Amino acid sequence: MPTAQSILAHTPDIATLEAVTSPVESDVVVVGIAATDADEGAPLVIAHGLDEATVSALAAAADAIGASTTVGSTTRIPAVEGVPGSSVVLVGLGSPDPEATDETLRRAAGAAARACRGLGTALVTLAADRPDAVALGAGLGSFRPAKVTEKDDDENSDADALRILTEGDATGAVARAATIAECVGLARDLVNTPPNLLFPGSFADRAAELATSAGLEVEVLDESALADGGYGGILAVGSGSSRPPRLVRLVHRGGEGRPTVALVGKGVTFDTGGISIKPAAGMEQMTMDMGGAAAVVATVILAARLELDLTVAATVPMAENMPSATAYRPGDVLTMYGGTTVEVQNTDAEGRLILADAIVRACEDSPSHLIDTATLTGAQMVALGKKTPGVMGTDDFRDRVAELSRTVGEGGWPMPLPEELRDGLDSEVADLTHVTPHRWGGMLSAGLFLSEFVAEGVEWAHVDVAGPAYNDGGPEGYLPRGGSGVPVRTMLAVLEDIAAQS
Ligand code: BES
Ligand code: MN
Ligand code: ZN
């Protein structure tokens with residue numbers, strides 16, 4: 001467990017994943033249970049590698065205690081004769097017909113992994129023919145949020161291993177799942193790191209260190225480099241804080257002639273609102289306002305670790321939005337990177353200002369595609385709730401990103417950028433203002449503002465994850481409390497799709 005000093009250096013606490021092809025003796029065995037058609041009597045036990053008598057005994061045991069078959073419900077019972085372990089975790093798979101989707105398997109495996117935490121070795125017998133979904137769900141679900149403590153933690157999960165029982169050799173699939181789960185875990189840990197410890201300077205240092213180890217090209221612009229470069233948006237938002245802003249650039253280089261995809265993520269390490277200060281109630285959650293940046297840093301590292309054959313260039317602006325005598329104010333006119341002037345209406349609409357600078361910089365690399373992601377607007381949650389990212393951008397790419405997001409279980413949904421809202425961004429005193437004079441379509445007008453900074457011809461998607469980046473409820477399926485790591489897996493799916501099609 002990390003100490004207060006070392007929490008930023010902490011590696012994600014995730015169980016070891018192994019692929020096995022026979023039911024090796026373990027401390028605990030995970031089996032699936034599903035409702036039968038009649039929805040009465042013993043549930044259907046779905047366990048690979050266990051014989052018929054054992055399966056019937058497990059079904060009888062599950063029936064006797066009325067174990068829930070709801071997807072992701074878990075019930076731990078003592079082992080019955082024939083089980084290669086001392087206890088069994090029964091995990092609900094819902095109804096088996098039609099066949100469980102990948103997302104059902106991921107959720108069930110994730111909940112089971114959480115139930116197995118601290119129990120030693122676990123044999124996971126769910127869906128032996130679909131190791132990708134089972135291993136990824138298990139890896140994501142085994143994640144344990146880091147705690148800031150100087151005390152020794154005896155509840156060490158290092159010894160935990162999840163053995164994914166598969167038909168045939170699935171070593172590659174399981175290793176890939178582990179790598180994805182680690183990088184999602186990295187994004188989650190960064191989001192969960194409290195704002196006194198994670199601020200622009202420490203975030204940039206940590207991102208640079210991780211990226212260097214992963215073999216990426218790294219460049220960090222500090223406040224004087226930002227001033228020399230004319231990054232007016234990042235500088236303004238960071239100006240109220242004693243801890244100056246940064247712009248981090250991380251590049252994973254694909255082969256010669258391969259496409260370049262730009263990733264941009266909002267890294268507001270704490271959002272007080274600035275001079276347009278937020279109400280005190282709930283402000284502590286604004287430690288997650290760097291969720292987009294965390295996801296982008298994790299994704300470019302993941303691209304390197306999976307050796308994706310394309311160039312991925314991450315541009316990550318980091319700032320702390322504080323009120324002070326040096327803070328920027330409503331009424332200021334900023335000159336953004338690239339020269340566009342912006343009239344500030346509300347210092348709490350800071351995310352779009354740092355993103356605008358970063359998007360202009362990212363477009364200088366002539367990417368074919370650009371994805372930006374941000375905990376950008378409360379309006380995202382009003383429109384779509386806490387778990388559905390809003391995806392805006394150029395029509396085709398927006399739809400492709402949203403669709404891939406749903407495939408991986410992150411749930412992105414396409415949203416428009418209505419022309420009628422654009423007038424609200426006209427300013428009397430500058431090229432643009434960053435907030436409309438009314439509150440309608442707040443997620444969309446933020447997207448429209450960003451669209452002004454995307455270079456002509458770049459296929460662009462903007463993913464607003466204000467709700468989805470952070471789970472303030474209890475853990476469920478493979479989703480822990482706190483940072484979720486969304487939309488790392490959406491961006492990975494898009495990168496792999498682009499790499500496959502070009
Ligand atoms: N970081 C917030 C958005 C947010 C709110 C994320 C709640 C997660 C949970 C963002 O910087 C913000 O304050 N947006 C304002 C914009 C408004 C001033 C135009 C908002 O949504 O209220
Ligand atoms: Mn804000
Ligand atoms: Zn913010």
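What geometry does the site of the zinc ion (ligand 3) have, given the angles among its six donor atoms? In this predicted model, the angles among the six donors run from 77 to 173 degrees, and the site is octahedral. For comparison, the ideal angles for six octahedral donors are 90 or 180 degrees. The ligating residues are Lys-266, through NZ, Asp-271 and Asp-289, each through OD, and Glu-350, through OE. The coordination distances span 2.0 to 2.4 Å. Along the chain, the donors of the zinc ion (ligand 3) are spaced as K-x4-D-x17-D-x60-E.

The two aspartates of this site come from separate parts of the fold. Asp-271 belongs to strand β11 (residues 267-271), whereas Asp-289 sits in the loop between β11 and α8 (291-305), so the pair ties together parts that are 18 residues apart in sequence. Asp-271 has a relative accessible area of 3% and is buried. Asp-289 is also counted as buried, with a relative accessibility of 2%. A further metal is found at this position: Asp-271 forms a bridge between the zinc ion (ligand 3) and the manganese ion (ligand 2). The separation of these two ions is 3.2 Å.

Strand β2 (residues 28-34) is mostly covered, with seven of its seven residues buried. In a regular strand, side chains alternate between the two faces of the sheet. In β2, Val-28, Val-30, Gly-32 and Ala-34 point one way, while Val-29, Val-31 and Ile-33 point the other way. Residues of both sets are buried.

Strand β2 pairs with β5, β6 and β3. With strand β5 (residues 87-92), β2 runs parallel and is joined by six bridges; here Val-30 has Val-89 as its bridge partner. Strand β6 (residues 121-124) is likewise parallel to β2, through three bridges, and Leu-123 of β6 is the partner of Val-29. The pairing of β2 with strand β3 (residues 44-46) is antiparallel and also comprises three bridges. In that pairing, Gly-32 is matched with Ile-46 of β3.

The loop between α2 (102-116) and β6 contains Gly-118. Gly-118 is partly exposed, at 48% relative accessibility. Between the C-alpha atoms of Gly-118 and Asp-222 there is a separation of 42 Å, and the two residues are 104 residues apart along the chain.

Strand β19 (residues 459-464) is also mostly covered, five of its six residues being buried. Its pairing with strand β15 (residues 369-374) is parallel and extends over six bridges. Within this pairing, His-462 of β19 is the bridge partner of Asp-372. Strand β16 (residues 390-393) is antiparallel to β19 and is joined to it by four bridges. Opposite Val-463 of β19 stands Val-391.

A helix pair was also examined. Helix α11 (residues 395-407) and helix α14 (residues 488-501) have axes that come within 9 Å of each other and cross at roughly 120 degrees. At this angle, α11 is oblique to α14. The α11 and α14 crossing is right-handed.

Methods: Residues are numbered from 1 along each chain as its sequence is written. Chains are lettered from A and ligands numbered from 1 in the order in which they are written. This is a predicted model: local features need pLDDT of at least 70, side-chain atom pairs count only at pLDDT 80 or more; totals for chains, interfaces and linings use all residues. Side-chain values use heavy atoms; hydrogens and water are left out. Donors are N, O and S atoms within 2.8 Å of the metal (3.2 Å for Na, K and Ca); water is not among the atoms, so sites may look incomplete. Four donors count as tetrahedral if all angles lie between 85 and 135 degrees; four count as square planar and six as octahedral if opposite donors are over 155 degrees apart and all others between 65 and 115; anything else is irregular. Helices (H or I, at least four residues) and strands (E, at least two) are DSSP runs, numbered from the N terminus. Buried means under 20% relative accessible area, exposed over 50%, partly exposed in between (1.4 Å probe, protein chains only). Two strands pair if DSSP finds at least two bridges between them. Axes are lines fitted to C-alpha atoms, for helices over the stretch in contact, and angles run from 0 to 180 degrees between N-to-C directions. Angles under 35 degrees count as roughly parallel, over 145 as roughly antiparallel, 65 to 115 as roughly perpendicular and the rest as oblique. A crossing is left-handed if the near helix is turned anticlockwise from the far one by less than a right angle, and right-handed if clockwise.
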